[in-house]
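Trainee: Could you take me closely through a single part of this model, and then place that part in its wider setting?

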Amino acid sequence: MNTIIDGRDMQPPEPMERTLEALDTLGEGDEVLLLLYCQPHPLFSILRQNGYTWSEESRADGTREIRIRKQLG
Amino acid sequence: MHASLSFDQAPPISVPYRFFLVAPWFGVMAGILLAWSGSDAFVSRWTPEALALTHLIALGFMLQAMCGALFQFIPVAVGGNVWRPKLVANTVQPLLLLATLLLVAGFLFSRPGLLSAAVPFFLLALGGFVMVVALALWRTPATGMTLWAMRMAIGGLAVTVLLGSLLAEALAYGLAVPIVELTNVHLVWGLGGWALMLLAGVSYHVVPMFQLTKPYPLWFTRWFGPLLLLLLLAWSLRLFLDLSRWSMLVTLPLLAILSVYAGLTLWLQYTRRRKIHDATSLYFRVAMVSMLILAISGAAFVLWPALGADPRSVVWLGILAFAGVFVSAISGMMYKIVPFLNWLHLQRLGGPISAVPNMKKMIPAEAMTGQLRLHVLAVVLLLAAVWQPGLTRLAGLTLAASCAWLGWNLVGSVRRYQGFRDQIRAAA
């Protein structure tokens, strides 16, 4: 199941809270898509240390698409 | 799963807080000093009281808060790692405190020996701080204009400290240096190269994030920092060349780019997606309106030299810059950073998300907006006191009261953090 969190209209730390909640129920092969206008370095650190991978893409309007999955293996 | 999440090795919460909790009390000292000095303080920028006040705010309030913020901002915003932050903070902060008090006493009591005594402490504290922060900023794999602005700002701090040290030694030992020109260059690097560069770089990141505005346009973030740096270098040529005839060719563009930054930030706030009127947004608005008034009145002083010849005109600009722009922006930032850090560090305790209270519960909104109103009143009274000296004592007392309230709000937030932390630990 994929989850989309549009954090662009949320005040920090709400996007991080929602993302951490979504990770609680993330299954193998599932994905959390987080939309923000900035790079969430504190979240990246948490993901790195807890076995998640992510990829980032920038849209023309400055939105960053951050796709989070469980690390394989 | 969340309970087992491992959080980043962000600096301990005590690292930024030891700076933040001290900063407002320097503002209180400045207010009390002004109330005690009375109308003499604002006669010109060169009075002992004016020099002491300037450094109480610049070093005691601004630099303390900005150093504390950098320790936290570097890992959170640009993913950099500051080397042994606790050790560095525990060394830098007391040295900076001591150096500031020595310097201020030296100005206030006209004791050049104290100015000279402050220099080694400043060089040690800020030399170490600049090296550690510069290393973190150069080694981070992050990219973007916030990072570049921070790199330029830390260079601006180094230039300011070196020029300030030279000035202190020149005053103590009667060295043959052009004191007035050197002071002008030191002042502009401190306010422009360090404080404004850092504020702009941080704005690119926090204004869209916390105030929910559109991002700053790319053309602006690409050009503002380099242009500011170029203009500061041009301004510094006055040390070597007689620029009196074309000084306005540097000053007017400098004031113009201030206006663009302030106007753009106000525009972003005006056109934002969700209208939020929290203390941080309002404080930023006060800072940007002050910057616009500073740019307009500065331009008027340059274009009509008779107006600018009054020694009080520079005091007017100084109040707008220090109290209007930087104390406002920094207070607004602390009202956002401190609750966020409380939240982040409570998360690190590993309890369930529901156990960690909302960020809005860390400092009551009414306390922040009440303090903001008092600060605005203080700025208005300070500006009025430049032309109506009878208001000086009242302005000083209002400034002291507003800074004390800020300090009290921050202390209250730390107490709440401790209370929530104990609750979460007890529940675990």
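Mentor: What follows looks at one helix of chain B, and then turns to the side of that chain that touches chain A and to one loop residue.

The model is a predicted one, and the part I would choose is helix H2 of chain B, which covers residues 23-37. At 1.5 Å a residue, its 15 residues should span 21 Å, and because the end C-alpha atoms are 22 Å apart, the expected span and the model agree. Many positions along H2(B) are buried, among them B:Ala23, B:Pro24, B:Phe26, B:Gly27, B:Val28 and B:Met29, and further along the helix B:Leu34 and B:Ser37 are buried as well. The cover over these buried residues includes H1 (14-20), H3, H12 and H14 (392-427) of chain B. After H2(B) comes B:Gly38, which has a positive phi, near 75°.

Two of the covering helices, H3 and H12, also appear where the chains meet: 23 residues of chain B are in contact with 18 residues of chain A, and H3 (48-78), H7 (179-211) and H12 (311-347) of chain B each supply at least two residues of that side of chain B. H7(B) gives the largest share, four residues, and by class this side of chain B has 16 nonpolar, four polar and three charged residues.

As for the loop residue, B:Leu237 lies between H8 (218-236) and H9 (248-270) of chain B, and it counts as exposed because it has 12 C-beta neighbours inside 10 Å. Its C-alpha atom is separated by 9.9 Å from that of B:Glu181, although the two residues are 56 residues apart along the chain.

Key: Residues numbered from 1 in each chain as written. Chains lettered and ligands numbered in written order. Predicted model: local features only at pLDDT ≥ 70, side-chain atom pairs only at ≥ 80, totals over all residues. Contact = placed C-beta atoms within 7 Å. Nonpolar A, V, L, I, M, F, W, Y, C, P; charged D, E, K, R; others polar. Expected span 1.5 Å × (residues − 1). Buried ≥ 20, exposed ≤ 12 C-beta atoms within 10 Å, placed from the backbone.
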